[in-house]
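Here are some worked exercises for you to try with the model open beside you. Have a go at each task before reading its solution.

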Amino acid sequence: MADNSELWLQQLLTQHGGRASFAVVMDWLLNDSQHGFYGSGRCCFGPRGDFVTAPSLGSGLADLLLKQLIPCFDLLSEQPGKLSLIEWGPGNGLLALQLVEALLALSPPWLARLEILLLESSAPLRMVQQETLKNSTIPCYWPEPDELVNEPRRGIVLAHELLDALPVERFVLFQGNWHGLDVVLSSKGEFEWQTGRPLAAKSVEQLAAMGLETNGGNRPEGWCSEWCPSLEPWLQQVRQGLQQGWLLTIDYGHPAKRYYAPTRDGGTLLAYRAQIASPELLAEPGSWDITAHVCNTLVEQLATTTGWCWQGAELQGEALLRLGLAQLWSELSTPGNAPISWRLARREEYQRLVDPYQLGGFWWLQLCTPGLPGMVPLLSVTG
Ligand SMILES: C[S@@+](CC[C@H](N)C(=O)[O-])C[C@H]1O[C@@H](n2cnc3c(N)ncnc32)[C@H](O)[C@@H]1O
């Protein structure tokens, strides 16, 4: 019999007729305003929290990332008007704060024209971000996505570990066709996985474009994985909110060939809490983070249909080395005033940021509005 922590999800499922697709359930688990992991604000970032993010280790990511963002703003600043650094899904606001501090230290000539916009779906997290950024001398605002669409900006949209939190649909090969994998409330009040309806023609087409044959190809009956139906509307919305500029997303990901390799049965979905990863996606609903890798190929394919120009994918470790991480690392060995404990912590942070088995394995996906150069080529011209 289900315990009390499951009551709210049981009630939602009952209101939904006792069955829902996993994308609907994942949205509840993460974003429900009372019980969801993010929506309720109960998530806890950092080494002592539920999971480590790069900003929770230190400002290394922000400092190096800024080297890539500055030439983009330099170019945009050639035309008059406001410039915007837009973070979508800012968590506790630490990355935005680190970027603000690094920007103030560098003081580029267009700084007075810069605003920081934070797009956050969770009301409690918005309050945490407002507290984190309360002393920022660069103006910070928390608009709704529609406000951005009504007044599109020129600038850069940054989405750090947002796409891996967008709800995904699970699908399974059943009698030679792709079907949804639904969550069902049993007569005993337990959550069960059940094969649902055949996927809609558009979804099957989308999967076929990523190499998943409509009849499953050589995958065995019962093979399952996931894909992200909310990615296309999100890319569309962000594009509508950006008159001119770049979009940089940073997440765990795979190209479709790897994501949907016949040997990778079960997909990439995992639950996280207190630094523990678990495959139990429906246990203690709302108290675990649920995350799926991003399919880099899907982002690339959707870029063109949503009005973006695809600029490429790069591993975070390689991007940070390109931006000078090795030099910063070696500077830690040069005698100076910084205490040894600080240097050792920085060394460990850099190591985690580049290690391909840790945060170095994240992918930087780069897109821009038509007519702009890519972030990386722009950096090599100006940098
Ligand atoms: C995994 S956390 C990443 C936090 C932060 N970027 C970091 O790296 O520390 C995901 C964040 O995205 C927010 N979020 C999820 N879906 C969103 C959406 N559709 N629009 C805006 N924010 C969203 C969550 O509330 C949370 O703040």
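The exercises below deal with a predicted model.

**Exercise 1. Find the residues around the ligand and the polar atoms that approach it.**

Step 1. Start with the surroundings: 16 residues surround the ligand, and the closest are Y38, G89, G91, E120 and H160.

Step 2. Look at the backbone of G89, where an N or O atom lies 2.8 Å from a nitrogen atom of the ligand. At S121, a polar backbone atom is 3.3 Å from a nitrogen atom of the ligand.

Step 3. Turn to a side chain: an N or O atom of T53 is 3.4 Å from an oxygen atom of the ligand.

Step 4. Finish with the cover. On its own the ligand has 600 Å² of accessible area, and the protein covers 92% of that.

**Exercise 2. Decide which partner E169 has for its side chain, given that E169 is buried yet has no salt bridge.**

Step 1. Place the residue: E169 belongs to strand β6, which spans residues 169–174.

Step 2. Check for opposite charge. The nearest such side chain is that of R170, 9.0 Å away, while a salt bridge needs the nitrogen and oxygen within 4 Å.

Step 3. Look for a polar partner instead: the side chains of E169 and S21 make a polar contact at 3.2 Å.

Step 4. List the wider contacts. Beyond four places in sequence, E169 touches S21, F22, A23, S225, E226, W227 and P229.

**Exercise 3. Work out whether Y259 is buried or exposed, and what is in contact with Y259.**

Step 1. Y259 sits in helix α10, residues 256–259.

Step 2. Its relative accessibility is 2%, so Y259 counts as buried.

Step 3. Leaving aside neighbours within four places, the contacts of Y259 include S225, E226, H254 and R264. Further along the chain, A292, H293, V294 and C295 are also among them.

Step 4. One polar contact joins the side chains of Y259 and T268, at 3.2 Å.

**Exercise 4. Examine helix α1 and say what covers its buried residues.**

Step 1. In α1, residues 7–15, the buried residues are W8, L9, Q10, L12 and L13.

Step 2. The elements covering them include β1 (19–21), α2 (22–31), β7 (177–185) and β8 (191–198).

Step 3. Follow the chain just past α1, where G17 takes a positive phi of about 85°.

**Exercise 5. Compare the settings of three salt bridges: K82 with E151, E232 with K202, and E314 with R322.**

Step 1. Recall the principle: side chains of opposite charge can pair when their charged atoms come close.

Step 2. Take K82 and E151, whose N to O distance is 3.3 Å. This pair links distant parts of the chain, 69 residues apart: K82 is in the loop between α4 and β2, and E151 in the loop between α7 and β5. K82 is partly exposed because its relative accessibility is 40%, and E151 is partly exposed at 42%.

Step 3. Take E232 and K202, with closest N and O atoms 3.2 Å apart. Here helix α9 supplies E232 and helix α8 supplies K202, 30 residues apart. E232 is buried, with a relative accessible area of 18%, whereas K202 is exposed at 55%.

Step 4. Take E314 and R322, which meet at 2.7 Å, N to O. E314 is buried at 15% relative accessibility, and R322 is partly exposed at 29%.

Step 5. Check for shared partners: salt bridges join K82, E115, E151 and R153 into one network.

Definitions and conventions: Residues are numbered from 1 along each chain as its sequence is written. This is a predicted model: local features need pLDDT of at least 70, side-chain atom pairs count only at pLDDT 80 or more; totals for chains, interfaces and linings use all residues. Side-chain values use heavy atoms; hydrogens and water are left out. Helices (H or I, at least four residues) and strands (E, at least two) are DSSP runs, numbered from the N terminus. Buried means under 20% relative accessible area, exposed over 50%, partly exposed in between (1.4 Å probe, protein chains only). Lys and Arg count as positive and Asp and Glu as negative; His and the chain ends are not counted. A polar contact is a pair of N or O atoms within 3.5 Å; within protein, one must be able to donate a hydrogen and the other to accept it, and residues adjacent in sequence count only if both atoms are side-chain atoms. Contact means heavy atoms within 4.5 Å. A residue is near a molecule or strand if one of its heavy atoms lies within 4 Å of it. Accessible areas come from the Shrake-Rupley method with a 1.4 Å probe; for residues, only the protein chains shown count as cover.
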